[in-house]
Structures are given as structure tokens and as C-alpha cells.
Amino acid sequence: MGAGPGDPGLITLRGVQCLAQADLVLHDWLVNPAILRHANPAAEIACLGSHGAKATQRVIPQDEVNARMVTAAQQGKTVVRLKGGDPDVFGRSAEEIEALDAAGIPVETVPGVTAALAAAGYAGIPITHGKHCSAVALVTGHERHNKVGPPLDYGALARFPGTLVFYMGVTTAPHWSGALITEGKPADTPVAIVRRCSLPDQQTVRCTLATLPETIAEHRLRPPAVIIVGQAVALATEVPWFASRPLFGQCVLVTRPKDQAGPLWQRLTDLGAEVLQQPAIRISDPADWGPVDATLERLDRYDWLVFSSVNGVRYLLDRLCNGGGDLRRLGHMKLAAIGPATADELRRYRLQADLMPQQYRAESLADELVAKAGGERFLLARASRGREVLAQRLTAAGSTVDQIVVYSSTDVPQPEPEVAAAMSAGRIDWVTVTSSAIARSLGDLFGEQLHQPKLASISPITSGVLRELGFEPAVEAVEYTMDGLIEVMLANQEGTVQ
Ligand code: SAH
């Protein structure tokens, strides 16, 4: 199966179906690990080196790969052999299929987007063109020493009437570019080197056939890269769509709890950012469900049920429904939500919030509740830690207030090694800080290193906590939502670019 060139969105639907059915997934280094999330969680996943292997990593010999596939299949397992790009383009699929055929094991091939086509789309190079180039050749820059048949005919390639795309041609560029020139290909033929195509750090460098070796050396370009040779390069878009997205080249750390980070991750990725994840806090069941269960039995005591987070909605309503109750239990109460995400979560349970404040924070929620229903009886569904301002203001206004802890929020003790390394290397441009608890935990996780990236704060309260810890946020959301946060990051980015 082909995994595509890097962008995890470029896998095929058939590929996703096969991954979900696999018992064993054998992949190369070139495959973006993000694709492996389509695999059945019970599947065994192993990396086999091969293309893209780093010097320190052992490359598993082809015979061993074949044997492993055959053995697993003979045990009745469904095996996905996952390769970067397309398996039939310099992917050794023929050798593997031969071994499987010999063992009588049925095989299906799932094509993928090969690097040359990804470079065309993502680097804006029209490798065919109605007026200028009518043919494309995919060429290896690295011929196998045990190849059967004659070596590459550079004379024929020099005369080829179209675009040449070299794979595995970075380290061998002096050899093949020299050979093409010797065989008569004009030295000033336009060339583009497209490195890590379709990934957030995609890079395109242009030169000519004659200057290719020195250009690679000067820019210290390492594989994986495809090298495109021909007039097509002269027709390329100056800044392709992929590189002109507003956050292209920016590395952003998302710090929300794992199961809530998805939408923010997706939006930032679509805007071109490389997104790393480091949940700063972990959300889990409360230490004791006893008080929650008892309260759920006595909801008639309250006029209002107040939610100050999405998690509050989720944990309380799931507990109610999973315990045999249903939403009719809330029928007599009015519902308040601190902001649009919380109100949306209520809607997912088919509930409509009766009140959502103008400003999405506890102070505003308290003021509006007091104005509308001061003196009534409130139940606040809250985290194991959090701010007291809501309860205080409601009580001060003469209301009866009970709080129940419906979920617990704890700090994550250590950063992931990959994130810690990126932070130490100064590779992270932005850190999103989406609550006060996250701000505190980030201070513990990264200490002084948190001065280096730009901090994007969700609200004045969160900014206050950051300042208390000695960190000045670079931007603060005007609207206290994830979209609001992205908006101010984009505005800051535009300011930097101009
Ligand atoms: N089967 C793969 C090619 C494997 S050969 C495919 O169809 O794309 C390995 C070579 O592929 C690399 O040396 C490089 O030339 C190219 N390649 C793979 N992924 C790439 C990427 N994201 N950007 C640029 N080149 C890539």
C-alpha cells in the first residue's frame, strides 16, 4: 500500500479501509506516522527501515521483510506493507509480490500519491503542460548495483522530450547532472529541488542543471527530495498555494487535553502550521462519583445548572445517562453555558442553553446570572480545581450555590521527549495557552524555556496567570474561543511578515 508522500491527508480511502483491517502493519521510515492512526488499535505495527532510514537505524534486508510478511500471512494474519508514495514507484513492490506469489498468498496493491505528483501539486510545478511538456519520466538517481539489464541511458534521457523527475538523486546529483550535460542536455535547463514535499517544512530550491551540485551543497539539502528537470520548472508558480498559507513554516505547540485538541490541531494544520501536541493537563473521572450521584438524585433542589466547560457537560451528562437516567431529569432547570463551545456541547445532547454571557468568562457569566436570576438556587458543575469567582459572586448576590466536581483535572508531569527536544532546540514558534490551569502546568513543564516561543493566550485571565509566572503573552484573544485565538495569531503573523 502507498501511504502518499507525507501529508497524512493524501492516503486513499481504500488505504484507510485496509489499515483498519490489518493485523500487522510493516512500514518504512518515509511513512508519516500520523497515517498509522487509521490502523486497528489492536494491530501490531513495525517499522522496517528501508527508504529514508537514518544512518543510525538498521535497514532490514529485503529477504527478511519478505519472510516476515509470508510468515504472518501464513499464520492467517492480514498484513499491510505500507510504503511512502506509491509502492510501484521505486518501492520494490515487485520483489515483495514475487515472494508472496511464490508462497501462494493473495495480494492486493493500493496505489498512493507518488512524490513527483505531490511535488507538482504542492510545489506548483506543472510537470505536464498542454503547450510546453507532453511527457514525464520518473528516473532513479540511484541505480541498484545488482540491476539486470543495461544501466540508465543518459543520452536517451538528455533527448527525452519532456520533464525528468529524479528520485533518490540528491547525493548522486553531480554524477547524473554531469552525464546529462555531457550527452547534450543544455546546462541552463531549469531545475527545482523539492524537499519533504507536502510536509509542513517543504522546501523548494531552484537552479539550473549546471549549478545543481553546488546548489545542493550550498543549501545543505538532504533527502528526501525529488529533483525536477525541464521547462516545467520555469512555468512554476512563484509561491505555491501550500507555502503561501498564513502559518506555513511556523511550528505551533497545542497544549489542550488529548481528546479536545483535535479541532484546534486541524485548523492550525490547514493554515499551514506544523503542529506538535503536548497536553499540559489530563482530564479524567472525579476522584469520587459519590457526591455527583447523590446530587443527580436531588436535582429538584435547583433552578439552574451551570456549566463552565465542555468537560463539565460531558462528564455530568454521561454520568446521568449511563446510570440509567435521562435528560428529562433536567427538565425543570434552566441551563447556563460559559461560552459557545460549552453551548455546542449541550446541543450535542439535544439541550439548549438558556443563558450564555456576552464575554466568555466566569465574571461575565456570574454577572449575567445575578442580573437574571439572583437569589435562585444554582448547581455548578465544575472541575476538581478551578476558579471560585462564579460561586462567590452568586453567593454574594444572595443565591444558594452548590458545586459538584464532575471531572478531575491534573497536570501532566513531563513533556514528551520529542516536544522537549523541539523546545530545547528553539524550534517551536508558538505555544497556545488555552486556560489558566494549562498556563500553570506549562510553567512547570518547560520553565524558563517558555520565554523563547510566542505565547498565544486565550483570555485576560490566562494572560494574568502567565504574567504571574513571569511570561508575557505575545497575543491575547479578543474573543475567548479557539477561533478567537487563531485570529489574533494570524494578525500577529501578518504583522511580522509585512
Ligand atoms: N515510493 C516512493 C519513492 C521511494 S524512493 C514514491 O512513490 O514517492 C525514495 C525517494 O522518493 C526519495 O529519495 C525522494 O526522491 C522521493 N521522495 C519520497 N517522499 C518524498 C517527499 N515527501 N518529498 C520529496 N521527495 C520524496
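Reader: Which elements are included in what covers the buried residues of α6?

Author: This model is predicted. Several elements contribute to the cover over the buried residues of α6, and helices and strands both appear among them. They include the helices α5 (154-159) and α7 (212-218), together with the strands β5 (163-167) and β8 (225-229).

Reader: Which residues of helix α6 are buried?

Author: Helix α6 spans residues 173-182. A residue counts as buried when its relative accessible area is under 20%. The residues of α6 that meet this condition are Ala 173, Trp 176, Ser 177, Ala 179 and Leu 180.

Reader: Why do the buried residues lie on the same side of α6, and how wide is their arc?

Author: The buried residues are Ala 173, Trp 176, Ser 177, Ala 179 and Leu 180. Because the arc they cover around the axis is so limited, they fall on the same side of α6; that arc is only 155°.

Reader: Which residues are exposed on the other side of α6?

Author: Exposed residues have a relative accessible area over 50%. On the side of α6 opposite the buried residues, this applies to His 175 and Thr 182.

Reader: What phi does Gly 184 take?

Author: Gly 184 comes just after α6. Its phi is positive, at about 105°.

Reader: What share of the residues in the chain is buried?

Author: The chain holds 17 helices and 18 strands. It has 498 residues in total. Of these, the buried share is 48%.

Reader: How many positive and negative side chains does the chain have, and how far apart are the centres of the two sets?

Author: The chain carries 45 positive and 54 negative side chains. The distance between the centres of the two sets is 1 Å.

Conventions: Residues numbered from 1 in each chain as written. Predicted model: local features only at pLDDT ≥ 70, side-chain atom pairs only at ≥ 80, totals over all residues. Heavy atoms only, no water. Buried < 20%, exposed > 50% of the residue type's maximum accessible area, 1.4 Å probe, protein only. Helix = DSSP H or I, 4+ residues; strand = E, 2+ residues; numbered from the N terminus. Arc of directions from axis to C-beta. Contact = heavy atoms within 4.5 Å. Lys, Arg positive; Asp, Glu negative; His and termini not counted. Charge placed at Lys NZ, Arg CZ, Asp CG, Glu CD.
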